[in-house]
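Reader: I would like to go through the terms used for this model and see how each one is justified. Please set the values against the cut-offs.

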Amino acid sequence: MKRYEVVQRIEKVGVVAVVRAENTEKAKNIALACMKGGIDSIEITFTVPRAQNVIEDLSTEFGKELLVGAGTVLDSETARIAILAGANYIVSPAFDLETAKLCNRYQIPYMPGCMTIKEMIIAMEAGADVLKIFPGSVFGPDYIKAVKGPLPQALMMPTGGVSIDNVDKWIKNGCIAVGIGGNLTQGSSEEITRAAKEFVEKIKLARQ
């Protein structure tokens, strides 16, 4: 899948499910529940032991049905491991130039964490595809509208602080998607599917 196609697909649904599961089986169950609810992009964080194995297993089993990204990628070495395991995109809590270069080299979307205007400009100049506004809970949805003034071209996706109560505000203020962890991926499979449907529907309404 081409780089721009990955970003377009994430934007289409508008949600990336952030998964912190300690093994493939749990990650698979969360992925299946999210997919039933209409979310086909998940991020496996490298805070999970042997995260690359989880990424590889999910990528092999679901193929193009599921976009599997690698999260909490702190350096280019980890990014390369994730890409070799089949990661469709790389997400970092902060911008890292060597990781940006690596992702550009292999044409894999890079989504670094940014908060200040300066960080965002540096990341965009280095070829970052989407700016992960992290932690989103620090400033809230209104911050997006403020950033869009000087940087209308910025593609932004907040993670942290996104809930069913404010997801529409993030989207209306200019985000192309949101990253959601505990508010989506915790609970039974039925609860995750129900939450996924609620988030997807609310985003659709916010875009109208």
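**Terms and cut-offs**

Author: A search of the whole structure finds 0 disulfides, a disulfide being a pair of cysteine sulfur atoms within 2.5 Å. This is a predicted model, in which local features need pLDDT of at least 70 and side-chain atom pairs count only at pLDDT 80 or more, while totals for chains, interfaces and linings use all residues. Residues are numbered from 1 along each chain as its sequence is written, and side-chain values use heavy atoms, with hydrogens and water left out.

Reader: How do you know that Cys103 has no bond to a cysteine sulfur?

Author: The closest cysteine sulfur to that of Cys103 belongs to Cys114 and is 13 Å away, so it is too far for a bond. For Cys175 the closest cysteine sulfur is also in Cys114, at 13 Å, and therefore too far for a bond.

Reader: Why is Cys103 called buried or exposed?

Author: Buried means under 20% relative accessible area, exposed means over 50%, and partly exposed lies in between (1.4 Å probe, protein chains only). Cys103 has 0% relative accessibility, so it counts as buried. Cys175, at 5%, counts as buried too.

Reader: What makes Arg3 and Asp129 a salt bridge?

Author: The term requires a side-chain nitrogen of Lys or Arg within 4 Å of a carboxyl oxygen of Asp or Glu. In the pair Arg3 and Asp129 the N to O distance is 2.9 Å, so the pair meets the cut-off. Arg3 lies in helix H1 (residues 3-13) and Asp129 in the loop between helix H6 (117-125) and strand S6 (131-133), so the salt bridge ties together parts that are 126 residues apart in sequence. Helices (H or I, at least four residues) and strands (E, at least two) are DSSP runs, numbered from the N terminus. Both Arg3 and Asp129 are buried.

Reader: How many salt bridges does the whole structure have?

Author: The search finds 4. One of them joins Asp40 to Arg9, with the closest N and O atoms 3.0 Å apart. Asp40 is in the loop between helix H2 (24-36) and strand S2 (41-45), and Arg9 is in helix H1, 31 residues away in sequence. Asp40 has 19% relative accessibility and therefore counts as buried; Arg9, at 17%, is buried as well. Lys28 and Glu61 also form a salt bridge, at 3.0 Å, N to O.

Reader: Why is Glu61 called partly exposed?

Author: Its relative accessibility is 45%, which means that Glu61 falls between the cut-offs for buried and exposed.

Reader: What makes a set of residues a nonpolar core?

Author: The members are buried Ala, Val, Leu, Ile, Met, Phe, Trp, Tyr and Cys residues joined through side-chain atoms within 4.5 Å. The largest such core has 63 residues, and Ile39, Ile44, Ile90, Leu131, Val178 and Leu184 have the most contacts inside it. Helix H10 (residues 189-207) gives the largest share, 7 residues. Apart from this core lies another, of 12 residues, among them Ile10, Tyr89, Met157 and Ile176.

Reader: How do you know that Thr185 is buried?

Author: Its relative accessible area is 11%, so Thr185 is buried. Thr185 is found in helix H9 (residues 182-185), and its side chain reaches the backbone oxygen of Val18 at 3.4 Å.

How values were computed
Polar contact = N/O pair within 3.5 Å; in protein donor to acceptor, adjacent residues only side chain to side chain.
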